[in-house]
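Reader: I have a new model open and would like to learn how to read it, feature by feature. Could you walk me through it?

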Amino acid sequence: MGQTVWGGRAGDSAAGISWDWIEVSEGIIAIADPMMMITNLRLLGSEGEVLTAHEVAPHLNGLVHRLPGRPK
């Protein structure tokens, strides 16, 4: 088990996301709690409203699963 932190910079801004992970069986890694990712990103809905943590969770999970070296 452990924690992963991804981050990056663009100009004067920085963004990051972190999550806890566990090894569910030998060589099989998973996000420990997909609803508990931590980020400074703010995602907006179709009307420009800031989405809640619950609304953002599926988007963050999709992002993490597209990262190289990510949990399966």
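**Reading the strands, core and pocket**

Author: Gladly. Let us start with the sheet: E2 and E4 run antiparallel and are joined by 2 bridges. Within that pairing, Ile17 has Thr39 in E4 as its bridge partner. Please keep in mind that this is a predicted model.

Reader: Which strand is joined to E2 by 4 bridges?

Author: That is strand E3, residues 28–31, which runs antiparallel to E2. Here Glu23 stands opposite Ile29 in E3. The hairpin of E2 and E3 has 2 residues between the strands, and Gly27 takes a positive phi near 80° there.

Reader: And over how many bridges do E1 and E2 pair?

Author: Strand E1, residues 2–10, pairs with E2 over 9 bridges, in the antiparallel sense. One bridge to look up on your screen is that of Gln3, whose partner in E2 is Asp20. The hairpin of E1 and E2 has 2 residues between the strands, with Gly11 at a positive phi near 65°.

Reader: What should I keep in mind about side chains when I look along a strand?

Author: In a regular strand the side chains alternate between the two faces of the sheet.

Reader: Let us turn to the core. What is the general idea?

Author: In soluble globular proteins, nonpolar side chains tend to be buried together. In this model, the largest nonpolar core has 9 residues: Ile17, Trp19, Ile31, Met37, Leu51, Val56, Leu60, Val64 and Leu67. Strand E2 (13–25) and helix H1 (53–66) each supply at least two residues of this core.

Reader: Which element gives the largest share of this core?

Author: H1 does, with 3 residues. For a closer look at one member of the core, select Leu67. Leaving aside neighbours within four places in sequence, Leu67 is in contact with Trp6 and Trp19.

Reader: Is Ala57 buried or exposed?

Author: Ala57 is buried because its relative accessible area is 4%, and the cut-off for buried is under 20%. Ala57 has its place in helix H1. Beyond the neighbours within four places in sequence, Ala57 is in contact with Pro34 and Met35. You can also set Ala57 against Asp20: they are 37 residues apart along the chain, and their C-alpha atoms are separated by 14 Å.

Reader: Let me try Leu44 as well. Is Leu44 buried or exposed?

Author: Leu44 is exposed because its relative accessible area is 53%, and the cut-off for exposed is over 50%. Leu44 is placed in the loop between E4 and H1. Leaving aside neighbours within four places in sequence, Leu44 is in contact with Glu49, Val50 and Leu51. The C-alpha atoms of Leu44 and Val56 are separated by 9.0 Å, with the two residues 12 apart along the chain.

Reader: Last, how do I read a pocket?

Author: Rolling a probe the size of a water molecule over the atoms shows where empty space is left. Here the largest pocket has a volume of about 190 Å³. Of the 17 residues that line this pocket, Thr39, Arg42, Ala53, Val56 and Leu60 are the closest to its centre.

Reader: Which elements each supply at least two residues of the lining of the largest pocket?

Author: Strand E4 (38–39) and H1 do. The largest share, 5 residues, comes from H1.

Reader: And how do the residues of that lining divide by character?

Author: They divide into 13 nonpolar, 3 polar and 1 charged. Val56 and Leu60 are good places to pause: both belong to the largest nonpolar core, and both are among the lining residues closest to the centre of the largest pocket.

How values were computed. Residues are numbered from 1 along each chain as its sequence is written. This is a predicted model: local features need pLDDT of at least 70, side-chain atom pairs count only at pLDDT 80 or more; totals for chains, interfaces and linings use all residues. Side-chain values use heavy atoms; hydrogens and water are left out. A nonpolar core is a set of buried Ala, Val, Leu, Ile, Met, Phe, Trp, Tyr and Cys residues joined through side-chain atoms within 4.5 Å. Buried means under 20% relative accessible area, exposed over 50%, partly exposed in between (1.4 Å probe, protein chains only). Contact means heavy atoms within 4.5 Å. On a 1 Å grid over the protein atoms alone, a cavity is a set of points where a 1.4 Å probe fits but cannot get out, and a pocket is an open set with protein on both sides within 12 Å along at least five of seven lines; lining residues have an atom within 4 Å of a point. Grid points are joined across faces, edges and corners, and a volume is the space filled by probe spheres set on the points. Ala, Val, Leu, Ile, Met, Phe, Trp, Tyr, Cys and Pro count as nonpolar, Asp, Glu, Lys and Arg as charged, and the others, Gly among them, as polar. Two strands pair if DSSP finds at least two bridges between them.
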